[in-house]
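Colleague: Please show me the model, and then we can go through it in short questions.

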Amino acid sequence: LAIINSKLYLLDEAIDYMQKSLLLAKELVDHKSIALRYNNLAGLYKRNGEYQKAFDNYQEALKRLIEIEDTDGQALVYINLGALYMLLGKNEKAKEQ
């Protein structure tokens, strides 16, 4: 439902469903799914113009992916952080990602 609402630009609803999905992943103690939900939430916040929330969720995703040594996931989050920095006109920060 989060993905469908996102594609329909119903971002508040998409965020709500993604947060529910995050809670379920936490209940299941599925570390990779938790990290990916944070990454997905960050993307939704970015699309909704809530850039600080996007940044915070990307950082949380990255922290968790480092803990489980998921380098592919880390790469994805670094790309997303770089894109966020570029969107905000912070090109030097984007290059660091």
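**Surface and core**

Modeller: A nonpolar surface patch of about 250 Å² is formed by Y51, L87 and L88. Patch residues have over 30% relative accessible area and no salt bridge, with nonpolar side chains (Val, Leu, Ile, Met, Phe, Trp, Tyr) joined within 5 Å and like charges within 9 Å; a salt bridge is a side-chain nitrogen of Lys or Arg within 4 Å of a carboxyl oxygen of Asp or Glu. Areas come from the Shrake-Rupley method with a 1.4 Å probe, and for residues only the protein chains shown count as cover. The model is predicted: local features need pLDDT of at least 70, side-chain atom pairs 80 or more, while totals for chains, interfaces and linings use all residues. Residues are numbered from 1 along each chain as its sequence is written, and side-chain values use heavy atoms, without hydrogens and water.

Colleague: Is L88 buried, partly exposed or exposed?

Modeller: Buried means under 20% relative accessible area, exposed over 50%, and partly exposed in between. L88 has 37%, so L88 is partly exposed.

Colleague: Which element gives the most to the largest nonpolar core?

Modeller: Such a core is a set of buried Ala, Val, Leu, Ile, Met, Phe, Trp, Tyr and Cys residues joined through side-chain atoms within 4.5 Å. The largest has 21 residues. Two or more come from each of α2 (11-28), α3 (31-47), α4 (51-67) and α5. With 7 residues, the element giving the most is α3.

Colleague: How many helices are in the protein chain?

Modeller: Helices (H or I, at least four residues) and strands (E, at least two) are DSSP runs, numbered from the N terminus. The chain has 0 strands, and its helices number 6.

Note on methods. Buried means under 20% relative accessible area, exposed over 50%, partly exposed in between (1.4 Å probe, protein chains only).
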